[in-house]
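User: Please take a close look at the empty space enclosed within this protein. Describe what lines it, and then follow the neighbouring parts of the fold as far as they can be described.

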Amino acid sequence: MPALTRAEAAERARILDVRSYTVDLDLTRGEETFGSTTTIRFTCAEPGATTFLDVKPGRLHRAVLNGRDVDPATWHDGRLPLPALAADNLLHIEADMRYSHTGEGMHRFTDPADGRTYLYSHCFLDEAPRIFAAFDQPDLKAAFHLTVTAPEDWTVLANGTTTRTAPGRWHAAPTPPVSTYLFAVAAGPYHTVRAEHAGLPLGLHCRRSLAPHLDADADEILDITRRCLDRYHEIFDEPYPFDSYDQAFVPEFNPGAMENPGLVTFREEYVFRSAVTDTERQTRGVTIAHEMAHMWFGDLVTMRWWDDLWLNESFAEYMGYRVLAETTRHTGTWTEFAASRKPWGYDADQRPSTHPVAPDDVPDTAAALLNFDGISYAKGASALRQLVALLGDTAFLAGVNDHFARHRFANASLADLLDSLTRASGHDVHAWARAWLRTTGVDTLRAEPAADGTVRVVRDGTRPHRITVATHTRPALPGTPGSTGTTRTTATGTLDDTTPALDLPAPAGPAGTALLLPNAGDLTYAKIRLDPDSWTTATRSLGELPDPLDRALLWTCARDMVRDGELAPADYLDLASRHLPAETDTSVIAGVLAFARGPLADTYLHPGSRPRALAGIGAVCLRLLDRTAAAGDGTGGRTGGRTGGDTAGVRLSAVRGIVDAALTEEDTARLREWLTDGRVPGGPPLDPELRWRTLLRLCVLGAAGEDDIAAELRRDPSATGHEGADRCRAALPDPRAKDAAWKALFEHDELSNYRLVATAQGFWQPEQADILAARVPHYFPAATEAAARRGAAVAEALGRHAFPAHAVHPDTLAAGEKCLHDGGTVPALRRALADRLDDLSRALDIRTRHPH
């Protein structure tokens, strides 16, 4: 189906004003389709004009415009022509719509644990016409009136509060004007926890089989919800703009969450079935705060077109991290941002597919969908954090509130926001935006001691930066993170757009013992590099620095140096061996282990060096486990981080790392013993997540088989268990298992989105390179054909998860480049392949630079 172009959207918006949608859904018509009746009231500024309606039905039964039938046969490729419009128009559409199993449109899921069925909508970005007929673009906002017929034992949720008006019949309160992509409905035998805050109804919802796990965390989730609402009401003049606040944790959800007004949908992995680290709890909290920020950024005031996507995502990203830190016990959000989230932005911004935070041209919805990446989220949030550092918080919030007041329940552009910020601050924010939001790439900052005793910050790039430089003196004293043996002092200044270097007074300290850290506090978006003496000090004393954010910045610096070919992968592993065993912050541990065990061990190192690398990673994790042995069994992670760090989370991270790094017969014997005993000696019990993780590694190494997988699935017959079984089966080093997984991925279309991802994650394994080699060149045509059949969500999954990343060879690169050159790949797959091929090219370059 053709993507909606910007020109088409502008023309529709020029002549149409949509007043309301009345939508009636019948969810009782079986497992394949549901009934959808839509009545749209709209005006036309040019009577007699022709336009088109967006609708993607299984079958279009009837269309009536102003009392005249419109021939359903004129429908083509998702569009129904509407001729001879009147000044005031009434359009009536009756259709059958298809359920989805890929997380798009109306997703239908049957829980294997109990056989109950659940539905939820996902209208983003252009999927609303899979549910109801619409003028589907963000700047044609309208009020929604929804009624739903559902099985009598189901609950129905929507953007407005819902009321059961008869058995199986539900009515939702009308909404204020909202965009079509924000329409939301969920239906099924959901388990619900109700609450209220300041007169606002609150609700938490999940599948019934997850009810005990949601109930265990409901107080925590509701406490964060209340605190965030209170904080947003403190900093925003406009009160929460909708009539209720429901949060539904739904199965097989593609994004992390979706900001539907009044009914936020989350991926249900945020209902924790197993032990998690405190950082993972913090991440859930950031997501809650992020989606709540969207009630203002995106829902109350909405972009006119998708080129201003950043007005939604960058602001919500920034506010999510900020507000959670300001209002809850999770005060370390910016450490996790520096350790894990920001590198996502740096990586995306150095690929050929990079784009400005606010691109000048987004020609259609297909192009817009590709921009939901580390640039729109992490880089955009970093840019806003830098803007706050430049303007000051008072002026920034005054500008934001002016923006809300001028455009409430309407649409706005980047220029509108910049005007508000300029009025409030007196700064030329338009000039700042040209430097920050209209350009691509990453600046690099270096801090060097000057001969006159000052510190000189040198910039490789052109953006202005308000930065802080920290000087650590006596950092080589023995101790642990948080040691008082280190003295930290700071100086702050601004690199403007004409000054290539900034001179700052150097804090006093013993000569020769200082570590100069540019961008301390992580207030700007730039890679950092240290002067030679500071780098030497960092390699000796990284783990002794008292501030976890400083440590995260240095680990990210080391990561960037490996990716840029400036630091040998083996040297990064040596840093981890020396400093990670003393680390107490689980976000830092997670970031280091993810990089070391993932791209570094699997792609940057030559295959012959990989066994030693895995052994080293495993040894680091064993030392982490030993260091925390006296702290208990690490079973919960529910109270970690409140005093003395998240010891249980550190232990859990260590156990995960030991499992993932297993390679030798001794390693597999250890894992088999853990799986049999159901716990780590002196450590945590093996809950479902750890059991499937352990079994997967055993399957990869040929130390477990189908009987073990079947037994584990009997133990855990949940949806997550079925995904675990798919992942393990695809990972078996057996040609028959690989053949079955290949067909499931590329030839058959039965797998849901989550089970397809699980199968893809299990399929390619570096340990199995020999038996997989013949399949590598066939991946590109197979993925191209499957993506064309199954749509954008599956296309992105096939490019991201099913790519043979382990096959670091010029032939793989050549085959991929030929695939892109030949054309025929849908946009979502093309973008994913381009990014993966760039990663592969980088890995080849690193191997060339560091052959040992």
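Analyst: **Enclosed space and its surroundings**

The second largest cavity is lined by Phe297, Gly298, Val301, Leu311, Asn312, Phe315, His403 and Leu417. The model is a predicted one, and what follows is computed from it. This cavity holds about 60 Å³ of space. Helix α4, residues 309–327, supplies the largest share of its lining, three residues. By position, these are Leu311, Asn312 and Phe315. The lining has five nonpolar and three polar residues, and no charged ones. Gly298, Asn312 and His403 make up the polar group.

How many cavities of 30 Å³ or more does a search of the whole structure find? The count is six. A probe the size of a water molecule, rolled over the atoms, shows where empty space is left. The largest cavity contains about 80 Å³. Around it stand Ala338, Lys342, Tyr346, Asn519, Asp522, Ala526, Lys527, Ile528, Leu553, Thr556, Cys557 and Asp560. Three elements each give two or more residues to this lining: α5 (333–349), β28 (527–530) and α12 (548–563). Of these, α12 has the largest share, four residues. Leu553, Thr556, Cys557 and Asp560 fall within its range.

The lining of the largest cavity divides into six nonpolar, two polar and four charged residues. Lys342, Asp522, Lys527 and Asp560 are the charged members, whereas the lining of the second largest cavity has no charged residue.

Cys557, from the lining of the largest cavity, has a relative accessibility of 1% and therefore counts as buried, the limit being under 20%. Cys819 is also buried, at 10%. A disulfide is a covalent bond between the sulfur atoms of two cysteines. How many disulfides does a search of the whole structure find? The search gives zero.

Helix α5 takes part in a further contact. Asp347 lies in this helix, and its relative accessible area of 9% makes it buried. The side chain of Asp347 makes a polar contact, at 3.0 Å, with the side chain of Arg563. Residue 563 ends the range of α12, so the contact links two of the elements that contribute to the lining of the largest cavity.

Another buried residue is Thr468, at 10% relative accessibility. Thr468 belongs to strand β24, residues 465–473. Thr468 and Pro518 are 50 residues apart in sequence, but 6.5 Å apart in space from C-alpha to C-alpha. Pro518 comes just before Asn519 in the numbering, and Asn519 is one of the residues lining the largest cavity.

**The second largest pocket**

The second largest pocket holds about 520 Å³ of space. It is lined by 21 residues, and those nearest its centre are Tyr99, Ser100, His101, Thr102 and Arg130. The elements that give two or more residues to this lining are β8 (105–110) and α24 (776–790). The lining divides into five nonpolar, six polar and ten charged residues.

**Strands elsewhere in the fold**

Strands of a sheet pair through backbone hydrogen bonds, either parallel or antiparallel. Strand β13 (residues 169–172) is joined to β10 (residues 143–149) by four bridges, and the two run antiparallel. Strand β12 (residues 162–166) is also joined to β13 by four bridges, again antiparallel. In these pairings Thr149 stands opposite Arg169, and Thr162 has Ala172 as its bridge partner. The hairpin formed by β12 and β13 has two residues between the strands, and Gly168 in the turn has a positive phi of about 75 degrees.

In a regular strand the side chains alternate between the two faces of the sheet. Which residues of β13 are on the covered face, and which on the uncovered one? Trp170 and Ala172 are on the covered face, while Arg169 and His171 are on the uncovered one.

A further sheet is open and has five strands, in the order β15-β16-β17-β19-β18, with mixed pairing. Its edges are β15 (191–197) and β18 (257–258); each has a single partner strand, so one side of each is left without a neighbour in the sheet. The partner of β15 is β16 (residues 200–206), joined to it by seven bridges in an antiparallel arrangement. One of the bridge pairs there is His191 with Cys206.

Note on methods:
Residues are numbered from 1 along each chain as its sequence is written. This is a predicted model: local features need pLDDT of at least 70, side-chain atom pairs count only at pLDDT 80 or more; totals for chains, interfaces and linings use all residues. Side-chain values use heavy atoms; hydrogens and water are left out. On a 1 Å grid over the protein atoms alone, a cavity is a set of points where a 1.4 Å probe fits but cannot get out, and a pocket is an open set with protein on both sides within 12 Å along at least five of seven lines; lining residues have an atom within 4 Å of a point. Grid points are joined across faces, edges and corners, and a volume is the space filled by probe spheres set on the points. A disulfide is a pair of cysteine sulfur atoms within 2.5 Å. Buried means under 20% relative accessible area, exposed over 50%, partly exposed in between (1.4 Å probe, protein chains only). Two strands pair if DSSP finds at least two bridges between them. A polar contact is a pair of N or O atoms within 3.5 Å; within protein, one must be able to donate a hydrogen and the other to accept it, and residues adjacent in sequence count only if both atoms are side-chain atoms.
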